[in-house]
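Reader: Hi! I'm new to this one and would love a friendly walk through it. Could you show it to me before we start?

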Amino acid sequence: MATEMTGGISPMQAFAMVGVAGVAAQWLAWRFRLPAIVLMLAAGLVLGPVTGLFVPVRDLGAIIQPMIALAVAVILFEGGLTLSFKKLADARPAVRRLVYIGAPLGWIFSSLALVFGAGLGWEAAIVFGGIMIVTGPTVIGPLLRQAKLTSRPAQVLQWEGIVNDPIGALAAVLALEIVLIRNTGLGWGAALGQLVVGVGLAVLIGGLAGYAIVQAFRRGWVPEYMKVPLLFVAVLAVFAVSDSLLHESGLLAVTVMGLVIANADLPSYHELYRFKEHATILLVSGVFILMGAGIEFETLAQLNWWRAGLFVALVVLVARPLTVLVSLIGTNLPMKERMLIAFTGPRGVVLVAVSGVFAERLVAEGVADGALVAPLAFVLVLTTVVLHGFTLAPFARRLDLSSGQKPGLLIVGGSQFATGLATALQKAEVDVLITDPNRDHLRSARAAGLPVFYGDILGEAAEHNVEFIAYSGILAASDNDAYNTLVATDLGPEFGRESIWQLARHKEARARHALPSQLGGRAVNGNRTLAEYLELLAGGWIFRTTRLTGEYRLEDWRRARETAIPLAVVSNRQLWFVGSEDDLVDRPDARIISLLPPEAAEQIARENEAREAAKEQAKAEAEAVRRGEGNGSVTKEA
């Protein structure tokens, strides 16, 4: 059957355009280290109101709203899937305060900013104010990596965004239920009763669905390859069933279902959470493109820009700082850390996506101010993301809360090789951390004064005590090949597989022992095992850090170090390991970390001895001249 054209392009072309634009925007954001949300919104604006190539209402028609609603349901389910009560209980006191005290205060202060700043009525303000609790967990992570904050404020901001994500959506859902029930003309008693029934029904449906999925997964009733598809279908089914029984209760139901699954301690939880890395990223991209393309300049023109500017200023300069500073009273956080947290509150995908759905619902129920919710959300998100994207790093440096622009490397596995490599990397101004679950393996690193973490890098202790955000790459170099492969494979999605390297496995060259390409990390120059590197060190090889200059270029280094084994390069605040000679760069100020053979090591030792002897000689001569005892010196007459 031919598809009838509904506008400028067909629905098939529209889906393809949204998908390509969304994924391309995310890739460009990763490639150039820019906030993805800004590029996605910009792409939507260019496709929609700027060029008119894609107009959602024209090209997709009536299916646009159900699509966005289902996408928001999946996004909120993912938010619930991240909220583990166990992790919340273990979180820092500052995070708990920002959840228990900050979330209600943020709701109140945001609603006040909407009423007195943007001029909204109370009905629209309490709904939109609930969504504004969320600080944008999909945005804060990339911003923190870019700014390289020190451990404590980075962890507080990251955990606040993750935990408050479903709480904000939940608050908005409850507020919307109150508004909708009140608009039916019921008294407060009847309205409250209907609200309790609706919330209870949503909680029951979501809880039962989550429990059923947990039991099915735990008892092995579902094969591994069907778990994620089943999860996706369950989200859609729960949302549809709950929403058909009571409008807007579907969002609450899927959030509760995510909470139940997140706290069930399933063995396959991490595989389920990868659900976010696939479906959710695509949906986030799609929602942002649709939102940006659906913005009409006429709608933005409805805004009183003076009041919209006042609203944004009140949120950024009053509501957010006041919420944080009041919540953190009595904690041991220094004031400069509180100030950084207080003035960092970017909003993201949940705010834009959920506000668009709720705005339509408010307008349909006769709340005229609901039409202003979506454009206000658009302005707030765009302003805060751009503002924090360009000011967070300088602000952190001004407060001395930035770990600097230095690259960082996690070395998994303690050994003499790890100690020597870490020492050489430190000379190249790289932050390093050596981790190992065996305390004895860290002895040489401790003796050298290197930062170490005793424990499993994949364990919960590392999650709370290791500043992952400060490190841009991982080298799996323990004495256990299987553990190295597990670390590289498990942390690959978080760090990016292009930033994870692994020493060669024993017997890797044999076909029967080779691993699929999707497992493990990237190879290091020479594809040597840890045992082979340790044998080189035992034979007198040494690590050396060499800086290239305008006069001393890469070719000069190659001629002087023909037998050297280049391992890593540090240049332009980036670190990478050498896989082949093509990975070496000829740039001034680039540093090459290499292994030098015994004869080169002996020559360097002789040069160092001669240099030290010359220094001592110069020091002695300087003292002699100062005393007037040097050759040709003139003594003062009495």
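**A chat about cavities, cores and salt bridges**

Author: Happy to! Let's start at the surface: Arg443 is exposed, with a relative accessible area of 56%. Keep in mind that this is a predicted model.

Reader: What does Arg443 form a salt bridge with?

Author: The partner is Asp440, and the closest N and O atoms of the two are 3.1 Å apart.

Reader: How many salt bridges are there in the whole structure?

Author: A search of the whole structure turns up nine salt bridges. Another of them pairs Asp589 with Arg547, at 3.5 Å from N to O. That pair links distant parts of the chain, as the two residues are 42 residues apart.

Reader: Where do Asp589 and Arg547 sit?

Author: Asp589 is in the loop between strand S8 (574-577) and strand S9 (591-596), while Arg547 belongs to strand S6 (residues 542-547).

Reader: And why does Asp589 count as partly exposed?

Author: Because its relative accessible area is 48%, and partly exposed covers the range between the 20% and 50% limits. Arg547 is partly exposed too, with 40%.

Reader: Which salt bridge lies in helix H25?

Author: Arg559 and Asp556 meet in a salt bridge, 2.4 Å from N to O. Both lie in helix H25 (residues 554-560), three residues apart, which is about one turn of the helix. Arg559 counts as exposed, with 54% relative accessibility. There is also a network: Glu555, Arg558 and Glu581 are joined by salt bridges that share partners.

Reader: Nice. Let's change topic and go inside. How many cavities of 30 Å³ or more does a search find?

Author: Two. The largest has a volume of about 140 Å³. It is lined by 15 residues, and the closest to its centre are Gly106, Ile133, Arg320, Thr323 and Arg347.

Reader: Which helices supply at least two residues of that lining?

Author: Three helices each do so: H7, helix H10 (151-182) and helix H16 (305-327).

Reader: How does the lining of the largest cavity divide by class?

Author: Six residues are nonpolar, six are polar and three are charged.

Reader: What about the second largest cavity, how much space lies in it?

Author: About 40 Å³. The residues lining it are Val315, Val316, Arg320, Phe343, Thr344, Gly345, Arg347, Thr384 and His388. H16 and helix H19 (373-398) are the elements that give two or more residues to this lining, and H16 has the largest share, with three residues. By class, the lining of the second largest cavity has three nonpolar, four polar and two charged residues.

Reader: I see Thr384 in that list. Is Thr384 buried or exposed?

Author: Thr384 is buried, because its relative accessible area is 1%, and buried means under 20%. Its place is in helix H19.

Reader: Which residues does Thr384 touch?

Author: Leaving out residues up to four places away in sequence, Thr384 touches Val316, Gly345, Pro346, Arg347 and Gly389.

Reader: Back to H7 for a moment. Which of its residues are buried?

Author: H7 runs over residues 102-118, and its buried residues are Gly102, Ala103, Leu105, Gly106, Ser110, Ser111, Ala113, Leu114, Val115, Gly117 and Ala118. After H7 comes Gly119, with a positive phi near 80 degrees.

Reader: Where is Leu98, and what is it in contact with?

Author: Leu98 is in helix H6 (residues 93-100). Apart from neighbours within four places in sequence, Leu98 is in contact with Ala103, Val156, Glu160, Asn164, Val324, Ser327, Leu328 and Ile341. Leu98 is buried, with a relative accessible area of 1%.

Reader: How far apart are Leu98 and Thr323?

Author: In sequence they are 225 residues apart, but in space the distance is 8.2 Å, C-alpha to C-alpha.

Reader: Last one! Which residues of the largest nonpolar core touch the most other members?

Author: Those are Phe128, Phe311, Phe358 and Leu376, in a core of 119 residues. There is also a second, separate core of 47 residues, which includes Phe417, Val570, Val585 and Ile592.

Reader: Thanks, that gives me plenty to look at!

How values were computed:
Residues are numbered from 1 along each chain as its sequence is written. This is a predicted model: local features need pLDDT of at least 70, side-chain atom pairs count only at pLDDT 80 or more; totals for chains, interfaces and linings use all residues. Side-chain values use heavy atoms; hydrogens and water are left out. Helices (H or I, at least four residues) and strands (E, at least two) are DSSP runs, numbered from the N terminus. Buried means under 20% relative accessible area, exposed over 50%, partly exposed in between (1.4 Å probe, protein chains only). Contact means heavy atoms within 4.5 Å. A salt bridge is a side-chain nitrogen of Lys or Arg within 4 Å of a carboxyl oxygen of Asp or Glu. On a 1 Å grid over the protein atoms alone, a cavity is a set of points where a 1.4 Å probe fits but cannot get out, and a pocket is an open set with protein on both sides within 12 Å along at least five of seven lines; lining residues have an atom within 4 Å of a point. Grid points are joined across faces, edges and corners, and a volume is the space filled by probe spheres set on the points. Ala, Val, Leu, Ile, Met, Phe, Trp, Tyr, Cys and Pro count as nonpolar, Asp, Glu, Lys and Arg as charged, and the others, Gly among them, as polar. A nonpolar core is a set of buried Ala, Val, Leu, Ile, Met, Phe, Trp, Tyr and Cys residues joined through side-chain atoms within 4.5 Å.
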